[in-house]
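Here are my notes on the model you sent. They are set out as numbered points, to be read with the structure open.

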Amino acid sequence: MGLTEIQAGWLATSYSLMQLIFSPIWGARSERIGRKPVLIMGLVGFALSFGLFGYIAHLGMQGVLGGTLLFALLIGSRLIGGMLSSATLPTAQAMMADLSSESERAGAMGLIGAAFGLGVVFGPALGGLLATFGLVAPVLFSAALGLLTAVAGYFMLHETRRPADQASPKGTGARSQTLLKKSGVMTFLILSAVYTLASVSMEQTVAFLVGDRMQLSPRDTAQTVGIMLGVFGLVSAAIQGGAMRRLGKTVPLSRLIPVGTVIMALGMLLLPQAGNFWPFTLALVVIGIGTAILGPSLTTALSLSVGPDDQGAVAGLNSSALALGRMVGPLLGTAMYQQISHGAPYYFAGGLLFALLAYMLLFRPPVPNNVVSAGVAH
């Protein structure tokens, strides 16, 4: 379509920017009108925006649109997509919080993380297969899948937050400020943003690192890194969907969060030491184990830090923190890889995670209890 690399980058950044802004709004709105309509709206919005993006891209490749107008229309479709699709994750997390007890919360959030992990594994492979039918085919398939998911959700999902459960309405801004003042919430949000920044920075640069170190062609690099990230995604999904359901009931979050941080940081420091397939894969598996423990633990800590009337709002704040990490991570990682050294993004990520661990150990922010003693009724 004749876009520059920077313009292509803005297509991703604009999407995350809208998620950063609108996630708290949708999360708070789900408290007032119910989870199901907000979730369905997010899925439909996702589908429509991807369909619009695919149609505009098709016109661009056909030469009907070009230049500034093409770029502006593509950005517009991404802004709409980020604004509407940002309703899905915080609402889904709030629904899981509605349906789970405190001791089951980490396992429930782990299931959402496992779903993401499976998406990381199968999404790129499916996209590559569909691309053989045309470059826009994966985009249009995503739009159709989003619409199908919305229809399925409409008929299959039950509302988890009834009007009788709702507290008196409060403005989104005021509610967010109130939640940010609660003990530990800001610390957990910062941790969420940082671990996402580190993870996305790794994902955006690891193909460069593998290709440069193993001296592979672009095609071989894509295939090799695809296998590595597939193993990474499967390990992460298995832990989040399996082990975290048990660990979340028996191990306090005050231990799970530091352990996940240490494991993820060690994996980041191992990655630039690798030079061939198996050391790279091992380092990615270590990172996958760390993120599989840390991500659900932070989400659970945020959920348990607030009451039932604020689950959607705090999930929205967490989605904003994740979006911030997704915005900054690729820009920072690629800049450090190109301007400083090939190992710089990973050393920086590992050092940043260890710095946050030191902060937690020194200042000991309050971590809610997720372990219920035997014999205590739920």
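**Notes on the predicted model**

1. Thr 261 is found in helix α10, where helices (H or I, at least four residues) and strands (E, at least two) are DSSP runs numbered from the N terminus. Thr 261 is buried, at a relative accessible area of 1%; buried means under 20%, exposed over 50% and partly exposed in between, with a 1.4 Å probe and protein chains only. Not counting neighbours within four places in sequence, Thr 261 is in contact with Leu 294, Leu 353, Leu 357 and Met 360, contact meaning heavy atoms within 4.5 Å.

2. On provenance: this is a predicted model, in which local features need pLDDT of at least 70 and side-chain atom pairs count only at pLDDT 80 or more, while totals for chains, interfaces and linings use all residues. Residues are numbered from 1 along each chain as its sequence is written, and side-chain values use heavy atoms, with hydrogens and water left out.

3. The protein has 13 helices and zero strands. How does the radius of gyration compare with that of a compact globule? A compact globule of 378 residues would have a value near 21 Å, and the protein has 21 Å, which agrees; the radius is taken over C-alpha atoms, and the globule rule is 2.2 Å times the number of residues to the power 0.38. Along the principal axes, the C-alpha atoms fill a box of roughly 60 × 45 × 30 Å.

4. Buried residues make up 49% of the 378 residues. Of the contacts with a separation of 6 or more, 84% are between residues 24 or more positions apart. The exposed area is about 17500 Å², with 68% of it supplied by carbon and sulfur atoms; accessible areas come from the Shrake-Rupley method with a 1.4 Å probe, and for residues only the protein chains shown count as cover.

5. There are 20 positive and 12 negative side chains, and the centres of the two sets lie 4 Å apart. Lys and Arg count as positive and Asp and Glu as negative, with His and the chain ends not counted. Each charge is placed at NZ of Lys, CZ of Arg, CG of Asp or CD of Glu.

6. The largest nonpolar core has 56 residues, and those with the most contacts inside it are Met 202, Ile 257, Met 264, Leu 271, Leu 284 and Ile 287. Such a core is a set of buried Ala, Val, Leu, Ile, Met, Phe, Trp, Tyr and Cys residues joined through side-chain atoms within 4.5 Å. Two or more residues each come from α4 (88-99), α5 (105-130), α8 (185-214), α9 (218-250), α10 (253-270), α11 (277-304), α12 (311-339) and α13 (344-363). The largest share, 12 residues, is that of α8.

7. Leu 271, leaving aside neighbours within four places in sequence, is in contact with Met 202, Val 206, Leu 209, Phe 280, Ala 283, Leu 284, Ile 287 and Tyr 346. A second, separate core of 15 residues includes Tyr 15, Phe 50, Leu 74 and Ile 75.

8. Ala 265 also lies in helix α10 and is buried, with a relative accessible area of 0%. Beyond its neighbours within four places in sequence, Ala 265 is in contact with Gly 350, Leu 353 and Phe 354. Its C-alpha is 42 Å from that of His 58, which is 207 residues away in sequence.

9. Phe 53 is in helix α2 (residues 35-61) and counts as buried at 16% relative accessibility. Residues up to four places away in sequence aside, Phe 53 touches Leu 11, Leu 74, Ser 77, Arg 78 and Val 139. Phe 53 and Val 136 are 83 residues apart in sequence and 9.1 Å apart, C-alpha to C-alpha.

10. Which residues does Ile 40 contact, leaving aside its neighbours within four places in sequence? Ile 40, in helix α2, is in contact with Ala 150, Gly 153 and Tyr 154. Ile 40 counts as buried at 13% relative accessibility. Gly 153 is in helix α6 (residues 137-156) and is buried, at 8%; with the same exclusion, Gly 153 is in contact with Lys 36 and Ile 40.

11. One backbone angle to check: Gln 215 has a positive phi of about 55° although it is not a glycine. Gln 215 is in the loop between α8 and α9 and counts as exposed at 72% relative accessibility.
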